[in-house]
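Here are some short exercises to work through with the sequence and the 3D view side by side. Try each task yourself before you read its solution.

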Amino acid sequence: MGPAQCKIHGVHEFTLTSPLISFAIEQKDALKNIIICPIKIESYGKVFEYYVDSHFLQQFGIQIDNHFIYFKDRNKETKQLNDRLIIRRIIRDMISVCPICLQVVISELSSNDL
């Protein structure tokens, strides 16, 4: 994502997350019963990490066995799509948020699991 203005933290390179986590950030409220799932997407030789909730992934038919999901984008040389189509669907529905605000909510949600 590109730089954007956060009302609290100023200008930062925003990141993507699921709508429910974005809502938690906007409301400044740690929502209960949310399972945070880090997802990693390998694309063009880089690995991008995002945090989403389990309900978000389930709407794409992705079952959460462990709390870590790894996607591999297409490979142009071998002409394999790999996870390209599901990656595009997931990214399309994600929302841009301040990374500092995101970390605050994730830490609050993670502390609820203890």
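**Exercise 1.** Classify Arg92 as buried or exposed, and find its salt-bridge partner.

*Solution.* Step 1: Arg92 has 58% relative accessibility, so Arg92 counts as exposed. The classes are: buried under 20% relative accessible area, exposed over 50%, partly exposed in between (1.4 Å probe, protein chains only).
Step 2: Arg92 forms a salt bridge with Asp93, with 3.3 Å between the closest N and O atoms. A salt bridge here is a side-chain nitrogen of Lys or Arg within 4 Å of a carboxyl oxygen of Asp or Glu.
Step 3: Asp93 has a relative accessible area of 29%, so this residue is partly exposed.

Before you go on, some ground rules. This is a predicted model, where local features need pLDDT of at least 70 and side-chain atom pairs count only at pLDDT 80 or more, while totals for chains, interfaces and linings use all residues. Residues are numbered from 1 along each chain as its sequence is written, and side-chain values use heavy atoms, leaving out hydrogens and water.

**Exercise 2.** How many salt bridges are there by this rule, and which parts of the chain does the pair Lys72 and Glu42 link?

*Solution.* Step 1: The count is three salt bridges.
Step 2: In one of them, the side chains of Lys72 and Glu42 meet at 3.2 Å, N to O. Lys72 is in strand 6 and Glu42 in strand 4, so this pair links distant parts of the chain, 30 residues apart. Helices (H or I, at least four residues) and strands (E, at least two) are DSSP runs, numbered from the N terminus.
Step 3: Both ends can be classified: Lys72 is partly exposed at 36%, and Glu42 is partly exposed at 25%.**Exercise 3.** Describe the salt bridge between Asp73 and Arg84.

*Solution.* Step 1: The side chains of Asp73 and Arg84 meet at 2.8 Å, N to O.
Step 2: Asp73 lies in the loop between strand 6 and helix 3, and Arg84 in helix 3, so the pair ties together parts that are 11 residues apart in sequence.
Step 3: Asp73 and Arg84 are both buried, with Arg84 at 14% relative accessibility.
Step 4: Leaving out residues up to four places away in sequence, Arg84 touches Lys72, Asp73 and Arg74. Contact means heavy atoms within 4.5 Å.

**Exercise 4.** Which residues of the largest nonpolar core touch the most other members?

*Solution.* Step 1: A nonpolar core is a set of buried Ala, Val, Leu, Ile, Met, Phe, Trp, Tyr and Cys residues joined through side-chain atoms within 4.5 Å.
Step 2: The largest core has 17 residues, and Ile39, Leu57, Ile62, Phe71 and Ile90 touch the most other members.
Step 3: Elements giving two or more residues to this core include helix 2 (54-58) and helix 3 (84-93).
Step 4: A second, separate core of 13 residues includes Cys6, Ile25, Cys98 and Cys101.
Step 5: For background, nonpolar side chains tend to be buried together in soluble globular proteins.

**Exercise 5.** Where does Cys101 lie, and what does this residue touch?

*Solution.* Step 1: Cys101 lies in helix 4 (residues 99-112). At 9% relative accessibility, Cys101 counts as buried.
Step 2: Not counting residues up to four places away in sequence, Cys101 touches Cys6, Ile8, His9 and Ile25.
Step 3: Cys101 and Ile25 are 76 residues apart along the chain, with 6.4 Å between their C-alpha atoms.
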